[in-house]
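Student: I would like to take a close look at one part of this model, and then see how that part sits within the whole. Could you go slowly and connect each step to the one before?

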Amino acid sequence: MVDLIMNDVLGTPAILVGIFALVGLIAQRKNIADVVSGTLKTIMGFVILDAGANVIVLALGQFSSMFNEAFNVDGVIPNNEAIVAVAQQSFGTETAMIMLFGMIVNILLARFTPYKYIFLTGHHTMFMACMIGVILTTGGITGVTMVVVGSIILGALMVLSPAMLQPFTRKITGSDDFAIGHFGSIGYFVSALVGKAVGKNSKSTEELKVPKSLGFLRDTSVSVSLTMVILFFVVAAFAGPAFIESELSGGQNFLVFAFLQGLTFAAGVYIILAGVRMLLGEIVPAFKGVADRIVPNAKPALDCPAIFPFAGNAVIIGFLFSFIAGLISMFLLPLFGLKVIVPGLVPHFFTGAAAGVFGNATGGRRGAVIGSMANGFLISFLPALLLPVLGTLGFEGTTFGDADFGVVGIVLGNLINLIQSNLLFIVIALALIAGLFALGWKKVQKVEEETKAA
Amino acid sequence: MKKILVVCGNGLGSSMIVEMNVNAILKDLGKEADVSHTDLATAKSEQADVYLGSEDIVESLEDGKKNVVKLKNLMDKNELREALENNL
C-alpha cells in the first residue's frame with residue numbers, strides 16, 4: 001500500500017501535479033464542476049507535455065545526425081520547452097516538488113523580507129525547477145534534501161531576479177506597479193548596465209521610425225516553424241542528398257524531408273506549449289490568490305512582454321541585434337572548443353527584445369543596440385557552457401535558452417562537482433544565496449539613491 | 001454566457017496575467033463571462049465573442065467577423081476595464 005502511494009501515485013508526476021491542483025482548488029472552495037475540470041485538465045496538460053516531447057525528440061535526432069554529418073561538430077538548439085518536456089520523462093517528480101515548494105518559499109520570502117515580488121511567470125518557474133532538479137540529482141543530492149535545497153534556491157531566485165531589475169523596470173514603466181519575472185533577467189541586467197556605460201547622450205529608440213512588419217515573429221508557432229525550416233534546409237544542403245536519402249529519410253527527397261522535419265519540431269513545440277498552458281492554468285491563479293492574501297503589498301513579477309508596449313522600437317531593434325550576436329557566436333563557439341549553439345528566433349525575440357527595452361532605458365539607441373548584442377552573446381555562450389553539467393540530459397541536442405538558466409546552472413553544477421561533500425555544497429549554496437540577498441539589498445538602495453539624485 | 005479569449009504570442013505568460021485581471025474586473029463589475037487565454041495561432045480557429053490582446057498581436061486576427069479588442073498597454077487595468085465595459 002505504502003509502495004503504491006509512494007511510487008505509483010506520488011512518483012507519477014502527472015498525478016502529483018494533479019493532486020496539487022486538486023488541493024488548491026478545494027482550498028479555494030471552488031464548486032465541484034471547477035474542481036473536477038481543473039484537476040483533470042492539469043493532469044492532461046502533463047500528459048500532453050510528454051506527447052510533445054516524443055515528437056520533438058524524433059526531429060532533434062534527425063537534426064543532430066544531419067548537423068554532425070555536415071559540419072563534424074555537434075549542434076544544439078536551445079529551447080526551454082523542448083528540454084523541459086524531455087526532462088520530465090525522468091525528472092518529473094523532482095520538477096513538480098521543487099516547483100510547488102519553490103512557490104511556497106517565494107511567498108514566505110515576500111512576506112518576511114523587503115522583496116515583495118510574487119513570480120507569476122509559471123512556465124519559467126517550472127523550467128527553473130526542472131533544471132535545478134536535474135543538476136542536484138546529477139550531483140548526487142536526492143530525495144527530501146534535494147526538494148528542500150532546490151525549493152530554497154528556486155524561491156530565492158523568484159524574488160532576487162525581479163528585485164535586481166526593478167530599478168530599471170521602474171525607469172521603463174514610470175511606475176512601481178509591477179516587476180519583471182522572467183529568467184532572462186541576467187541578460188536584461190547586463191544590457192541595462194552596458195546601456196548605462198555606452199549610451200551617454202544617445203537618443204531614445206522611440207524617436208526612430210522602425211517598420212512594424214517584424215511583429216509577426218511574436219507569434220511563436222510562426223517563428224519556430226520559420227527558424228526550424230530554414231535551419232533544416234541549411235543543414236540538409238551541407239549534409240547532402242546522398243547521406244540523407246540513404247541514412248535518414250528512407251529515400252524521400254532530402255529537401256522535402258528537411259522541410260517536414262523542421263515543421264515536426266515546430267509541431268512538437270506547439271503541443272508542449274498547449275500542455276504547459278493547461279498544466280499551469282489552475283496552478284498560477286491559485287498561487288497568486290494565496291500570495292495576495294498572505295503578503296501585504298505583494299508586487300506581481302510578470303512575463304517579459306509586459307514591458308514591450310513601453311518601447312515598441314527597442315523591441316524590434318533588440319531582437320535584430322541579439323540575433324546578429326547569436327549568428328556571430330555560432331562561428332565563435334567552435335574556436336573555444338564548445339558545442340555550436342544554433343540561434344533560435346524565439347529566445348532571441350523575447351529576451352533580445354526585452355534587453356533592447358532595458359538598454360534603451362539606460363542608454364538610448366546605442367544602449368539598445370550594444371545591450372541587446374551583449375544579451376545575444378550571453379544566450380549563446382551560457383547554454384554551451386551549461387551542457388556539461390546537465391549530465392545525460394546534455395546529450396539530447398537541446399538545452400535551456402535564457403540567460404539565468406545558464407548562470408544558475410553553471411554555478412550550481414560546477415560547485416557540486418568541485419565540492420565532494422554534499423553537506424558542504426548545501427551550506428555554500430545557501431550562503432551564496434544569503435550573500436546575494438544582502439548584496440542585492442545594498443545595491444538596490446544605492447541605485448535608488450542614484451535615480452533619485454538624477 | 002459570453003466568451004472572452006485573451007491572446008498573446010506564446011499563450012503562456014502575459015495572456016494568463018491579463019486573464020486574471022479580466023476575471024477580477026468582471027467580478028468588480030458584477031458581470032459573468034467565460035474567460036480563457038491562448039496563443040495567436042490557436043486563437044485564429046477558436047470561437048469567442050471577444051478577442052483581447054495587445055495591439056500588435058491581435059491585429060492579425062481581424063477578418064471582419066471577429067470582435068477584436070486591441071489594447072495599447074496590456075498591463076493597464078484602467079484601459080482593460082474600459083475595453084470590457086464597452087464590449088460586454
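Student: Which residues does Asp404(A) touch, not counting residues up to four places away in sequence?

Tutor: Please keep in mind from the start that this is a predicted model. Leaving out residues up to four places away in sequence, Asp404(A) touches Met128(A), Ser161(A), His182(A), Phe183(A), Gly184(A), Ser185(A), Ile186(A) and Gly409(A). Asp404(A) itself belongs to helix H13, which covers residues 403-418 of chain A. Its relative accessibility is 4%, and because buried means under 20%, Asp404(A) counts as buried. One of the residues that it touches, Ile186(A), also takes part in a polar pairing, for the backbone nitrogen of Ile186(A) lies 2.7 Å from a polar atom of the side chain of Asp404(A).

Helix H7 of chain A spans 185-198, and after a loop helix H8 follows at 220-239. That loop between H7 and H8 holds two residues that are worth setting side by side. Asp219(A) is found in this loop, and so is Asn201(A). Asp219(A) is buried, with a relative accessible area of 4%, whereas Asn201(A) is exposed, with a relative accessible area of 74%. Asn201(A) also has a backbone angle to look at, since its phi is near 65°, a positive value in a residue that is not glycine. As background, most residues other than glycine have a negative phi. A second case in chain A is Asn297(A), which is not a glycine and yet has a positive phi of about 60°. Asn297(A) lies in the loop that runs from helix H10 (254-294) to strand S4 (299-302), and at 66% relative accessibility it counts as exposed.

Let us return to Asp219(A), which leads us to the other chain. When its neighbours within four places in sequence are left aside, Asp219(A) is in contact with Gly9(B), Leu40(B), Ala41(B) and Lys44(B). Within its own chain, the C-alpha atom of Asp219(A) is separated by 27 Å from that of Phe287(A), which is 68 residues away along the chain.

On the side of chain B, a residue to examine is Asp39(B), which is placed in strand S2, residues 34-39. Asp39(B) has a relative accessibility of 2% and therefore counts as buried. Apart from neighbours within four places in sequence, its contacts include Ser221(A), Tyr270(A) and Arg277(A) from chain A, and they also include Val7(B), Cys8(B), Gly9(B), Asn10(B) and Gly11(B) from chain B. Gly9(B) is thus a residue that we meet twice, once in contact with Asp219(A) and once in contact with Asp39(B). The side chain of Asp39(B) makes a polar contact as well, with the side chain of Thr42(B) at 2.5 Å.

With these residues in mind, we can step back to each chain as a whole, beginning with chain A. Chain A has 14 helices and six strands. Its radius of gyration is 22 Å, close to the 22 Å that the globule rule gives for 454 residues, so chain A is as compact as a globular protein of that length. Along the principal axes, the C-alpha atoms of chain A fill a box of roughly 70 × 65 × 50 Å. Of its 454 residues, 55% count as buried, and among its contacts with a separation of 6 or more, 81% are between residues 24 or more positions apart. The accessible surface of chain A comes to about 18200 Å², and 68% of that belongs to carbon and sulfur atoms. Chain A carries 24 positive and 24 negative charges, whose mean positions are 16 Å apart.

Chain B can be read in the same order. It has four helices and four strands, and from the N terminus on its elements run β-α-β-α-β-α-β-α. A compact globule of 88 residues would have a radius of gyration near 12 Å, and the 12 Å of chain B agrees with this. The C-alpha atoms of chain B fill a box of roughly 30 × 25 × 20 Å along the principal axes, and 53% of the 88 residues count as buried. For chain B, residues 24 or more positions apart account for 55% of the contacts with a separation of 6 or more. Its accessible surface is about 4100 Å², of which 40% belongs to carbon and sulfur atoms. Finally, the mean positions of the 11 positive and 16 negative charges of chain B are 2 Å apart.

Technical notes
Residues are numbered from 1 along each chain as its sequence is written. Chains are lettered from A and ligands numbered from 1 in the order in which they are written. This is a predicted model: local features need pLDDT of at least 70, side-chain atom pairs count only at pLDDT 80 or more; totals for chains, interfaces and linings use all residues. Side-chain values use heavy atoms; hydrogens and water are left out. The radius of gyration is taken over C-alpha atoms; the globule rule is 2.2 Å times the number of residues to the power 0.38. Buried means under 20% relative accessible area, exposed over 50%, partly exposed in between (1.4 Å probe, protein chains only). Contact means heavy atoms within 4.5 Å. Accessible areas come from the Shrake-Rupley method with a 1.4 Å probe; for residues, only the protein chains shown count as cover. Lys and Arg count as positive and Asp and Glu as negative; His and the chain ends are not counted. The place of a charge is taken as NZ of Lys, CZ of Arg, CG of Asp or CD of Glu. A polar contact is a pair of N or O atoms within 3.5 Å; within protein, one must be able to donate a hydrogen and the other to accept it, and residues adjacent in sequence count only if both atoms are side-chain atoms.
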